[in-house]
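These are my notebook entries, written while going through one structure entry by entry. I kept a short record of what I looked up and what I found each time.

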Amino acid sequence: MSAIPVLSGKRILLGVSGSIAAYKAADLASRLTKAGARVDAILTAAASRFVTPLTFQSLTGRPAPADLWSDEAHVLHVGLADGADLLVVAPATADILAKLAHGLADDLLTVTALAARCPLLVAPAMDAGMFDHPAVQANLATLRARGATVIGPAEGRMASGLEGRGRMLEPEEILGHVRLAAGRNGPLAGRRVVVTAGGTQEPIDPVRVLANRSSGKQGFAVAQAALDRGAAVTLVAANCSLTPPVGAARIDVATAQEMADAVLESCAGADALVMAAAVADFRPARPAARKLKKDAGLPSVELERTIDILGVVTAARARPACVVGFAAETGDLLANARKKLKEKRLSLIVANDVTQGGAGFGSDANRVTLIDATGAEELPLLSKAEVAGRILDRVQALLPPA
Ligand code: CTP
């Protein structure tokens, strides 16, 4: 995993309380550190029975104090709290939630939590039944009323073997929530961005489709980049099996027509549309109601045009201020892309030559050229996350001031 701009240089306090899920907090600490955040882990005494401060020191490269009464830790809580961007308590046991809700301060984590002025994110973890107890729910309500964000817990099998609601969210998902919190006041705060991803599928008969090679990775990366900058994001996904970024409102579609319906509806009041999806240009004119059988001979499938989604969006009077299209080409990249920019009245077009190896469909990297009215910028081979960041830089610049 590589650096994540929205977390780069952020000061994150990671409170770890005493649950078996504490081992997953080590993974979270590692992910946050690799993302570029400065992570100070603070373990409760109970947490130190499941994992050691050394685990966190090794992963974060920073001391992970657990004892309020050690010489350094006694003065540490003010220093730790001062200037922190976010306090994440993961796992948060019923005990630590009660202490946080009531302002108890008898260890380094709870003392730091009272001294801190940054947002608080808690990821509860407790065994079946405990989470539903009115006392726990009342404590969570108190924390929420004070502005804390409660994430999870998930349903599932717990360490006791019981099933229920009480599993801490997985580190990947907690990371998504941390990104949301860190980006909340970002440059696209208050903006609505619609992103499409994946490839549409047009039915030939009940079992066969006309499809394309899009994986959805680039579109999902664009959605994540927009969330990182504080935008409210609608992600219209066509046939994608990827996990959507935390915070995106996802709409699943299959065909070009379904995508058109979802995009047109979502674009009402949106500031930007990024059409990263590979939309079928043609579809079978009359899909067969029953499976085409071999013994009926070679079928001939007549095609018809699908709706041009970008064309309809940009022709509308209330179009989003910034509309970005993609052009996947196998030749004459710049000329073809410029033609599309103009004909589809786009603000920006992202052109890529899909014949190049190691980039494009299905891969984690992409080599694109960004073209707008002012010229073409050829980018080097980048990760799809980096490409998404560059596209969002342009979207930001193209949007009129709020
Ligand atoms: N697109 C769309 N509606 C369609 C087809 C494509 O909005 N029915 C969008 C895609 O999401 C992409 C851009 O238009 O952003 C691609 O333009 P398009 O002209 O379809 O490119 P190609 O499929 O490469 O078409 P051509 O045959 O003109 O090369």
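**Entry 1: a salt bridge within one helix.** I am working with a predicted model, and I began with Arg 31, which forms a salt bridge with Asp 27, the closest N and O atoms being 3.3 Å apart. I then looked up where the two partners sit, and because they are four residues apart in helix α1, about one helical turn separates Arg 31 from Asp 27. For Asp 27 I noted a relative accessibility of 32%, so this residue counts as partly exposed.

**Entry 2: a salt bridge between distant parts.** I stayed with helix α1 and turned to Lys 24, which forms a salt bridge with Glu 170, with 2.9 Å between the closest N and O atoms. What does this pair tie together? Glu 170 lies in the loop between β7 (163-167) and α8, while Lys 24 belongs to helix α1, so the bridge ties together parts that are 146 residues apart in sequence. I also compared the surroundings of the two residues: Lys 24 is buried, with a relative accessible area of 12%, whereas Glu 170 is partly exposed at 36%.

**Entry 3: a network of salt bridges.** Next I looked up Glu 377 and Arg 394, which form a salt bridge whose closest N and O atoms are 2.8 Å apart. This pair links distant parts of the chain, since Glu 377 is in strand β20 (residues 375-378) and Arg 394 is in helix α13 (residues 384-398), 17 residues apart. I noted that Glu 377 counts as partly exposed at 29% relative accessibility, and that Arg 394 is buried, with a relative accessible area of 18%. Both residues also belong to a network of salt bridges that links Asp 372, Glu 377, Arg 390 and Arg 394. For the model, the count comes to 22 salt bridges.

**Entry 4: the nonpolar core.** I then asked which residues have the most contacts inside the largest nonpolar core. This core has 35 residues, and those with the most contacts inside it are Leu 7, Leu 14, Leu 32, Phe 56, Val 88, Ile 174 and Val 178. The elements that give two or more residues to this core are β1 (11-16), α1 (22-34), β2 (38-43), β3 (86-92), β4 (120-124) and α8 (171-183). Helix α1, which I had already met in the salt bridges, gives the largest share of this core, six residues.

**Entry 5: the ligand.** I moved on to the ligand, which is surrounded by 15 residues, the closest being Met 275, Ala 277, Asp 281, Ile 307 and Phe 326. Which parts of these residues come up against the oxygen atoms of the ligand, backbone or side chain? For Met 275, a backbone N or O atom lies 2.8 Å from an oxygen atom of the ligand, and for Phe 326 a polar backbone atom is 2.8 Å from a ligand oxygen atom. With Asp 281, in contrast, an N or O atom of the side chain is 2.7 Å from an oxygen atom of the ligand. Taken alone the ligand exposes 580 Å², and the protein buries 74% of that.

**Entry 6: a nonpolar patch on the surface.** Leu 210, Phe 282, Val 301 and Leu 303 make a nonpolar surface patch of about 330 Å². I looked more carefully at Phe 282, which is found in strand β14 (residues 282-284) and is partly exposed, with a relative accessible area of 47%.

**Entry 7: backbone details.** Most residues other than glycine have a negative phi, and most peptide bonds are trans, so I searched for exceptions. A cis peptide bond joins Ala 90 and Pro 91, with omega about -5°, and Pro 91 has its place in strand β3. Another cis peptide bond joins Gly 152 and Pro 153, with omega about 0°, and Pro 153 lies in the loop between β5 (149-150) and β6 (154-157). Asp 332 has a positive phi near 50°; this residue is in the loop between β16 (322-329) and α12 (333-343) and counts as exposed at 60% relative accessibility. Arg 345 also has a positive phi near 50°; I found Arg 345 in the loop between α12 and β17 (348-353), partly exposed with a relative accessible area of 40%.

Technical notes
Residues numbered from 1 in each chain as written. Predicted model: local features only at pLDDT ≥ 70, side-chain atom pairs only at ≥ 80, totals over all residues. Heavy atoms only, no water. Patch = residues over 30% accessible without salt bridge, like charges linked within 9 Å, V, L, I, M, F, W, Y side chains within 5 Å. Areas by Shrake-Rupley, 256 points an atom, 1.4 Å probe, with all protein chains shown as cover. Salt bridge = Lys/Arg side-chain N within 4 Å of Asp/Glu carboxyl O. Buried < 20%, exposed > 50% of the residue type's maximum accessible area, 1.4 Å probe, protein only. Near = heavy atom within 4 Å. Polar contact = N/O pair within 3.5 Å; in protein donor to acceptor, adjacent residues only side chain to side chain. Core = buried A, V, L, I, M, F, W, Y, C linked by side-chain atoms within 4.5 Å.
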